[in-house]
Amino acid sequence: MPELPEVETFKRYLDKTSLNQIIKSIKIIDNRVLNVDEFDLKKLVINNKFTSSNRHGKYLLVNLEQGILIMHFGMTGDLEYYNKRQEDPKYSKVIFQFSNDFKLAYTSRRMFGRLYIAKSIEEFIESKKLGPDAFKMSLEEFKEALNRRTAILKNAMLNQSFIAGIGNIYSDEILFRAKLHPKSRLDALDEKKVKDLFTNIKDVLQFGIDKEGDLSSYPQNFLIPHRKKEEKCPICKNEIVSIDLSGRRGYYCPNCQVE
DNA sequence: AGCGATGTTCGCCG
DNA sequence: TCGGCGAACATCGC
């Protein structure tokens with residue numbers, strides 16, 4: 001499920017369930033999700049603890065005494081904490097077993113998730129060239145990220161080097177609420193629109209976090225329940241249309257969101 | 001049965 | 001260098 005609100009939900013879940021317990025063992029079910037040497041991963045994790053975590057964009061960075069374990073979830077990743085007597089969840093790829101008889105499973109159905117390790121947050125962010133976190137950034141950081149960029153809005157929002165954390169679904173919602181056309185150019189935004197876009201980014205992500213990333217029960221006045229063919233705009237009742245940009249499909253209201 | 005999907009990366013081209 | 005585009009990755013649910 002993971003865009004920023006979902007990953008924030010995973011972070012809180014991990015913090016609540018899995019911190020400060022000795023990790024007895026780690027079971028690697030499919031090493032295709034590892035972007036790290038298996039031996040290095042085991043060395044970092046076994047007989048150590050998760051001490052705290054951070055989130056940057058769609059990445060969850062878990063601190064251990066000797067380094068950081070980074071989880072990325074691709075399109076279908078999840079975390080599940082459960083008693084060892086229970087069956088391992090479907091699509092489990094890596095399982096951490098704690099000394100208290102509980103386990104934490106990192107799952108990935110489509111195999112797009114990856115695990116990394118790094119020495120510091122800064123090093124990792126630099127290696128991935130990530131922009132500021134979309135939820136934590138200040139207006140000044142946002143303006144800085146905008147600086148001299150010319151890309152069209154939808155592509156920019158999906159570009160993690162611009163700002164980190166927004167994906168296809170939330171970018172549609174943000175542009176809908178800001179009444180901006182997905183193909184409008186960044187450099188065409190005046191001061192007021194920049195500020196308005198910033199506010200909408202924060203509001204949409206905050207709402208998503210409050211919803212714990214559950215997209216299934218959004219109010220009808222959001223675009224999210226209408227991201228499909230033959231839906232009507234909740235504001236003007238015009239037909240919602242789709243647009244393909246760089247391999248992603250976005251949805252918008254051609255009446256409310258003008259170029 | 002085929003199509004599309006909440007992501008990232010890379011190569012090509014302007 | 002930047003930015004748009006499309007393919008590739010892999011799998012399953014509708």
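1. Start with helix α6, residues 168-177, in this predicted model. Of its 10 residues, 8 are buried, so the rest of the structure largely encloses the helix. The buried set is N168, Y170, S171, D172, E173, I174, L175 and F176. If you want to see what covers them, look at α1 (4-18), α5 (153-158), α7 (191-210) and β10 (248-252), which they pack against. Just past the end of α6, K179 has a positive phi of about 55°.

2. Next, the largest nonpolar core. It has 30 residues, and F142, F162, I163, L197 and I201 are the ones touching the most other members. Two or more residues come from each of α4 (139-146), α5, α6 and α7, with α7 giving the most, 7 residues. As a general point, nonpolar side chains in soluble globular proteins tend to be buried together.

3. I163 is a handy residue to click on. Leaving aside residues up to four places away in sequence, I163 touches G131, P132, A134, M137, F142, A145, M157 and I201. There's also a second, separate core, made of 28 residues, with I26, F73, F96 and L115 among them.

4. Over to L64, which sits in strand β3 (residues 59-64). Is L64 buried or exposed? Its relative accessible area is 6%, and the cut-off for buried is under 20%, so L64 counts as buried. Setting aside residues up to four places away in sequence, its contacts are I23, L44, V45, N48, K49, F50, T51 and L69. For a sense of distance, L64 and E191 are 127 residues apart in sequence and 43 Å apart in space, C-alpha to C-alpha.

5. Now the DNA. There are 13 residues around DNA strand C, and R32, R110, R149, T150 and I152 come nearest. Of the strand C atoms that come within 4 Å of the protein, 68% belong to sugar and phosphate. By class, the surface near this strand has 6 nonpolar, 3 polar and 4 charged residues.

6. Which atoms of T150 and N155 lie by the phosphate oxygens of DNA strand C? For T150, a backbone N or O atom is 2.9 Å from a phosphate oxygen. For N155, a side-chain N or O atom is 3.4 Å from a phosphate oxygen. R109 meets another part of the strand: a polar atom in its side chain lies 3.2 Å from a sugar or linking oxygen.

How values were computed. Residues numbered from 1 in each chain as written. Chains lettered and ligands numbered in written order. Predicted model: local features only at pLDDT ≥ 70, side-chain atom pairs only at ≥ 80, totals over all residues. Heavy atoms only, no water. Helix = DSSP H or I, 4+ residues; strand = E, 2+ residues; numbered from the N terminus. Buried < 20%, exposed > 50% of the residue type's maximum accessible area, 1.4 Å probe, protein only. Contact = heavy atoms within 4.5 Å. Near = heavy atom within 4 Å. Polar contact = N/O pair within 3.5 Å; in protein donor to acceptor, adjacent residues only side chain to side chain. Nonpolar A, V, L, I, M, F, W, Y, C, P; charged D, E, K, R; others polar. Core = buried A, V, L, I, M, F, W, Y, C linked by side-chain atoms within 4.5 Å.
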